[in-house]
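Student: I'd like to practise reading a model with you. Can we go through it feature by feature?

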Amino acid sequence: MYLHGTSRVNEKGHLEIGGVDTVDLVEQYGTPLYVYDVALIRKRAREFKNTFEELGIKAQVAYASKAFSSIAIVQLAHEEGLSLDVVSGGELYTALKAGFPPNKIHFHGNNKSVEEITMALEAKIGCIVVDNFHEIDLLKELTKQLSQKVDILLRVTPGVEAHTHDYITTGQEDSKFGFDLHNGQIENAIELVLHDPHIHLLGIHCHIGSQIFETKGFVLATEKIFRKIAEWKERYSFTPNVLNLGGGFGIRYTKDDDPLPMKVYVEKMVEVVKEHSQQLNIDLPEIWIEPGRSLVGDAGTTLYTIGSQKNVPDIRKYLAIDGGMSDNIRPALYQAKYEAVLANRLNDKPNETVSIAGKCCESGDMLIWDLPLPEAKTGDILAVFCTGAYGYSMANNYNRICRPAVVFVENGEAKLVIRRESYEDLVHLDLPLHTEMLASAK
Ligand SMILES: Cc1ncc(COP(=O)(O)O)c(C=O)c1O
Ligand SMILES: N[C@@H](CCCC[NH3+])C(=O)O
C-alpha cells in the first residue's frame with residue numbers, strides 16, 4: 001500500500017488524511033467524497049517556487065486551474081504565492097470571485113469568445129495567452145474599443161511529441177493549439193502584434209502535453225524556440241521577456257509510474273534557458289510554468305461506498321461503488337489507472353482480486369480493473385488515490401447523478417469547500433413544458 005502526503009493508518013486501522021479519519025469524513029459528508037490533503041498541495045507548490053528561488057531565477061508558477069477549479073483551491077493557490085492559469089470565462093469568474101489578484105491571472109484557450117476576452121480585459125488580468133489569428137483580430141478590435149493595453153504571450157506548437165496519451169499531447173505539429181513554430185505562422189503572428197499600440201508582446205508560450213515523465217520533450221521544445229528567437233532577434237529586434245514552458249509534469253498514479261522530482265524539471269528548464277540566452281547574448285527571460293496535475297493530483301483521494309457485487313465465476317468479481325465515470329471520467333477516457341484500498345480496513349491484507357464498477361449505465365464505466373483487496377462487504381469504504389487532478393473538474397451529471405462534495409483536510413480539521421450537488425440542483429436549469437404538471441418532489 002502506497003501512502004503518501006499526510007495519509008497514514010490510524011489506531012483504528014482507518015485511512016487518515018490531514019489528521020482526519022476518512023471514516024468520520026464519510027459519516028459527516030457521505031460518499032462519493034473528494035478529499036484534498038492541503039499540506040501536500042502546499043508542499044508541491046513550495047517545491048516549484050523554492051527551486052526557482054534557489055536558482056535565483058525570476059519566475060511565475062501558475063496553477064493550471066483546469067485540473068481542479070473552485071473558489072477554495074484558487075484561494076489556496078494565492079496563499080501559496082502562485083499565479084493562476086484559467087482557460088474559460090468560468091474559470092476566470094471563479095478566480096475573480098475567489099478574490100485572486102487579476103494581475104496574476106493568465107488566460108488560455110483556443111477559442112476565446114468576445115465575451116471572455118472582454119471579461120479578461122475589463123478585469124485587467126495579467127496576460128492573455130494568444131492561440132490563433134482569429135484571437136489576434138478580436139484582441140486588436142477589443143483593446144482599441146476599450147482603449148486598453150494588454151500583455152500577451154503567443155502560444156507556439158513546437159512539433160514535439162510528448163510521450164503520453166494521444167489525447168493529452170498538445171505540442172505536436174498536428175494539434176488544435178497555438179501557432180506552428182516552423183511554417184511561418186508564428187512570424188505572421190509576431191508581425192501582427194509587434195507594433196500594435198494596444199498589445200504588448202511579453203513573450204512566448206509552449207505546452208507540450210500532460211503526464212510527462214522525462215525532461216527530454218521540454219529541452220527539445222525550448223531548443224527549438226531558441227533557434228527561432230535567434231531569428232526573431234535579427235529580424236524584428238524582438239526577444240521574449242517571458243518564456244512560459246507550460247505544465248505537464250507527470251505524477252505517480254500507480255506503482256508503474258516513476259515520476260521525476262519536480263525540482264528536476266525546473267532545474268533542467270533553467271539550465272537550458274540560461275545556456276541558450278547566454279549563447280544569444282540576450283537577457284535571461286522570466287521563466288513561467290503552469291503545472292496543474294503535479295500540484296493537486298496526488299493530494300486528492302476519492303471515497304466511495306461499496307454497494308452491489310457480481311461474481312462471474314472463473315472470470316471476474318465486480319464491486320460496484322456509488323460513483324464512477326460521473327465523478328472520474330479518466331479511466332473511460334484515457335484508460336487511466338488508479339490504486340485503491342478499503343479505507344475502513346487498512347490492516348486487512350488483500351486476499352482477492354476484484355474490479356471496481358461505477359454506477360453509470362455504461363459497460364465502460366469501470367474505475368479500476370483487477371484490484372487486489374481484502375474481501376469487501378457492502379458498506380465498506382473504497383479510497384481511490386491520486387484523483388485530485390481532472391477528477392472533480394471533469395465530473396458530470398451523466399445519468400443525472402449528483403456531483404460529489406469536496407473537503408479540504410489539514411492539521412486535523414476538515415472544511416467543506418464544495419457541497420454535494422442535490423437533485424434540486426440537477427433540475428434548476430430546467431424549464432417545464434407544462435407548469436401545471438410540476439410535482440413538488442423532494
Ligand atoms: C496550456 C496548458 N497549460 C497547463 C496545463 C496543465 O497541465 P498539467 O495538469 O499536466 O500540469 C495544460 C494541460 O495539459 C495545458 O493545456
Ligand atoms: N484532462 C487530462 C489532461 C488534459 C490536460 C489539459 N490540457 C487528464 O486527465 O489527464
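Tutor: Sure, we'll take domains, helix pairs, the ligand shell and two backbone details in turn. Keep in mind that this is a predicted model.

Student: Let's begin with the domains. Which residue ranges does the domain assignment give?

Tutor: Domain 1 is assigned to 8-37 + 297-426, and domain 2 to 108-291. Their centres, taken over C-alpha atoms, are separated by 36 Å.

Student: And how many residues of each are in contact?

Tutor: 8 residues of domain 1 touch 7 residues of domain 2. On the domain 1 side, the classes are 4 nonpolar, 1 polar and 3 charged.

Student: On to helix packing. How do I turn a crossing angle into a word?

Tutor: Angles under 35 degrees count as roughly parallel, and those over 145 as roughly antiparallel. Try helix 2 (residues 38-54) with helix 9 (residues 262-280): the axes come within 9 Å and cross at roughly 25 degrees. That makes helix 2 roughly parallel to helix 9.

Student: What is the handedness of that crossing, and which residues meet there?

Tutor: The crossing of helix 2 and helix 9 is right-handed. From helix 2 you have R44, E47, F48, T51 and F52, and they meet M262, K263, V266 and E267 of helix 9. Sorted by class, this contact of helix 2 with helix 9 has 4 nonpolar, 1 polar and 4 charged residues.

Student: Helix 9 also packs on helix 8. What are the distance and angle there?

Tutor: For helix 8 (residues 216-236) and helix 9, the axes come within 10 Å, crossing at roughly 20 degrees. Helix 8 and helix 9 are therefore roughly parallel to each other too. Their crossing is right-handed. Helix 8 brings F218, V219, T222, E223, F226, I229, A230 and K233, while helix 9 brings Y265, K268, M269, V272, V273, H276 and L280. By class, the contact of helix 8 with helix 9 comes to 10 nonpolar, 2 polar and 3 charged residues.

Student: Now helix 5 and helix 6. At what angle do they pack?

Tutor: Helix 5 and helix 6 (residues 133-145) pack at about 50 degrees, and their axes are 10 Å apart. Helix 5 and helix 6 are therefore oblique to each other. The crossing of helix 5 and helix 6 is right-handed.

Student: Which residues make that contact, and how do they divide by class?

Tutor: V114, I117, T118 and L121 of helix 5 meet L138, L139, L142 and T143 of helix 6. The contact divides into 6 nonpolar, 2 polar and no charged residues.

Student: What about the ligand? Which residues come nearest to ligand 1?

Tutor: With a ligand, I look at who is around it and then at the classes. Here 17 residues surround ligand 1, and A64, S210, G247, G292 and R293 come nearest. The shell around ligand 1 has 5 nonpolar, 9 polar and 3 charged residues.

Student: Last, the backbone. Which peptide bond is cis?

Tutor: For this, you read omega. The bond from T31 to P32 is cis, with omega near -10 degrees. P32 sits in the loop between helix 1 (22-29) and strand 4 (33-37).

Student: And what is phi of K124?

Tutor: Phi of K124 is near 55 degrees, a positive value in a residue other than glycine. You'll find K124 in the loop between helix 5 (114-123) and strand 8 (127-130).

Notes. Residues numbered from 1 in each chain as written. Chains lettered and ligands numbered in written order. Predicted model: local features only at pLDDT ≥ 70, side-chain atom pairs only at ≥ 80, totals over all residues. Axes fitted to C-alpha atoms, helices over the stretch in contact; angles between N-to-C directions. Helix = DSSP H or I, 4+ residues; strand = E, 2+ residues; numbered from the N terminus. Parallel < 35°, antiparallel > 145°, perpendicular 65-115°, else oblique. Left-handed = near helix turned anticlockwise from the far one by under 90°. Contact = placed C-beta atoms within 7 Å. Nonpolar A, V, L, I, M, F, W, Y, C, P; charged D, E, K, R; others polar. Domains from an automatic or database assignment. Near = placed C-beta within 6 Å.
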